[in-house]
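Biologist: I would like to learn how to read a model like this one residue by residue, beginning with side chains and ending with pockets. Could you take me through it step by step?

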Amino acid sequence: MTEPSYRAPDISLIGEEHVRQYRATDGEVGYLWNDAPILLLTTTGRRSGELRTSALIFGRDGDDYLVVGSMGGAPRHPSWYLNITAQPVAEIQVRAERIPVVARTASDDEKPRLWRIMTDVWPNYDAYQTRTDRSIPVVVLSPS
């Protein structure tokens with residue numbers, strides 16, 4: 001099976017540095033990354049209890065924010081996803097706005113529609129899914 005179309009992203013701004021610059025500038029730096037919108041998701045560490053923040057591509061479905069636990073198609077879920085399934089109360093930052101949210105994994109019935117929303121934002125998700133046997137989750141973040 002051939003991999004769906006994949007476009008290598010510019011990774012000059014990733015990880016902790018992405019989070020740091022986004023926070024320092026209220027998203028002036030880092031909100032748009034490879035033409036995709038980014039939010040900061042702060043979860044509670046499932047083992048440490050410490051706050052952890054990740055910069056993630058997002059989409060919208062009505063009032064809800066959508067993120068994808070792809071980790072580039074790695075064989076395991078990203079830590080933020082494991083944290084949010086253990087403790088679904090979290091916070092997002094979209095530009096300067098901080099929003100309390102409650103997270104849930106999209107159901108099997110709703111996932112195809114939400115997946116399409118997210119692949120419209122970041123087409124590489126289709127390629128990532130071909131790289132792993134796990135079902136890559138779509139997470140719904142509902143303002144609380």
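Biologist: Is Arg 104 buried, partly exposed or exposed?

Modeller: Bear in mind that this is a predicted model. The idea is to place the relative accessible area of a residue between two limits, since buried means under 20% and exposed means over 50%, with partly exposed in between. Arg 104 has a relative accessible area of 39%, so this residue is partly exposed. Its side chain also has a charged partner, for Arg 104 forms a salt bridge with Glu 110, in which the closest N and O atoms are 2.5 Å apart.

Biologist: How many salt bridges are there by this rule?

Modeller: The general test is a distance, because a side-chain nitrogen of Lys or Arg has to lie within 4 Å of a carboxyl oxygen of Asp or Glu. The count by this rule is five. Besides the pair just described, one of them joins Arg 52 to Glu 50, with an N to O distance of 3.7 Å; here Arg 52 is partly exposed at 39% relative accessible area, and Glu 50 is partly exposed at 45%.

Biologist: Which side chain does Asp 61 meet in a salt bridge, and which parts of the chain does that pair link?

Modeller: Asp 61 meets Arg 113, with N and O 2.9 Å apart. This pair links distant parts of the chain, since Asp 61 belongs to strand β4 (residues 59-61) while Arg 113 belongs to helix α3 (residues 111-121), and 52 residues separate them. Both partners are partly exposed, Asp 61 with a relative accessible area of 21% and Arg 113 with one of 38%.

Biologist: How should I read a helix that has a buried side, and which residues of α1 are buried?

Modeller: The general idea comes from the helical repeat: an α-helix has 3.6 residues a turn, so residues three or four places apart point the same way. In α1, the buried residues are His 18, Val 19 and Tyr 22. These residues lie on the same side of α1, because the arc that they cover around the axis is only 95 degrees. On the face turned away from that buried side, α1 carries the exposed residues Glu 16 and Ala 24, and for Glu 16 the relative accessibility is 74%, which means that this residue counts as exposed. Just after the helix, Asp 26 takes a positive phi of about 50 degrees.

Biologist: What do the buried residues of α1 pack against, and what is His 18 in contact with, leaving aside its neighbours within four places in sequence?

Modeller: The buried residues of α1 pack against four strands, namely β1 (32-33), β2 (36-44), β3 (51-57) and β6 (89-94). His 18, which is placed in α1 (residues 15-25), has a relative accessible area of 3% and is buried. Apart from those sequence neighbours, His 18 is in contact with Leu 13, Gly 30, Trp 33, Ile 38 and Ala 55.

Biologist: Where is Asn 124 found, and which residues does it touch beyond four places in sequence?

Modeller: Asn 124 is found in helix α4 (residues 124-130), and with a relative accessibility of 4% it counts as buried. Once residues up to four places away in sequence are set aside, Asn 124 touches Ser 5, Tyr 6, Arg 7 and Pro 9.

Biologist: Let us turn to open space. How much space lies in the largest pocket, and which element gives the largest share of its lining?

Modeller: A pocket is best read in two steps, from its volume to its lining. The largest pocket holds about 710 Å³ of space. It is lined by 29 residues, and those closest to its centre are Gly 15, Ala 55, Leu 56, Met 71 and Trp 80. The elements that contribute two or more residues to this lining are α1, β3, α2 (79-86) and α4, and the largest share, five residues, comes from β3. By class, the lining has 18 nonpolar, eight polar and three charged residues.

Biologist: Finally, where is Asp 133 placed, and how far apart in space are Asp 133 and Glu 28?

Modeller: Asp 133 is placed in the loop between α4 and β8 (138-143), where its relative accessibility of 85% makes it count as exposed. Asp 133 and Glu 28 are 37 Å apart, C-alpha to C-alpha, with their positions 105 residues apart in sequence. For another pair, Glu 16 and Asn 83, which are 67 residues apart along the chain, the C-alpha atoms are separated by 17 Å.

Methods:
Residues are numbered from 1 along each chain as its sequence is written. This is a predicted model: local features need pLDDT of at least 70, side-chain atom pairs count only at pLDDT 80 or more; totals for chains, interfaces and linings use all residues. Side-chain values use heavy atoms; hydrogens and water are left out. Buried means under 20% relative accessible area, exposed over 50%, partly exposed in between (1.4 Å probe, protein chains only). Contact means heavy atoms within 4.5 Å. The arc is that of the directions from the helix axis to the C-beta atoms. On a 1 Å grid over the protein atoms alone, a cavity is a set of points where a 1.4 Å probe fits but cannot get out, and a pocket is an open set with protein on both sides within 12 Å along at least five of seven lines; lining residues have an atom within 4 Å of a point. Grid points are joined across faces, edges and corners, and a volume is the space filled by probe spheres set on the points. Ala, Val, Leu, Ile, Met, Phe, Trp, Tyr, Cys and Pro count as nonpolar, Asp, Glu, Lys and Arg as charged, and the others, Gly among them, as polar.
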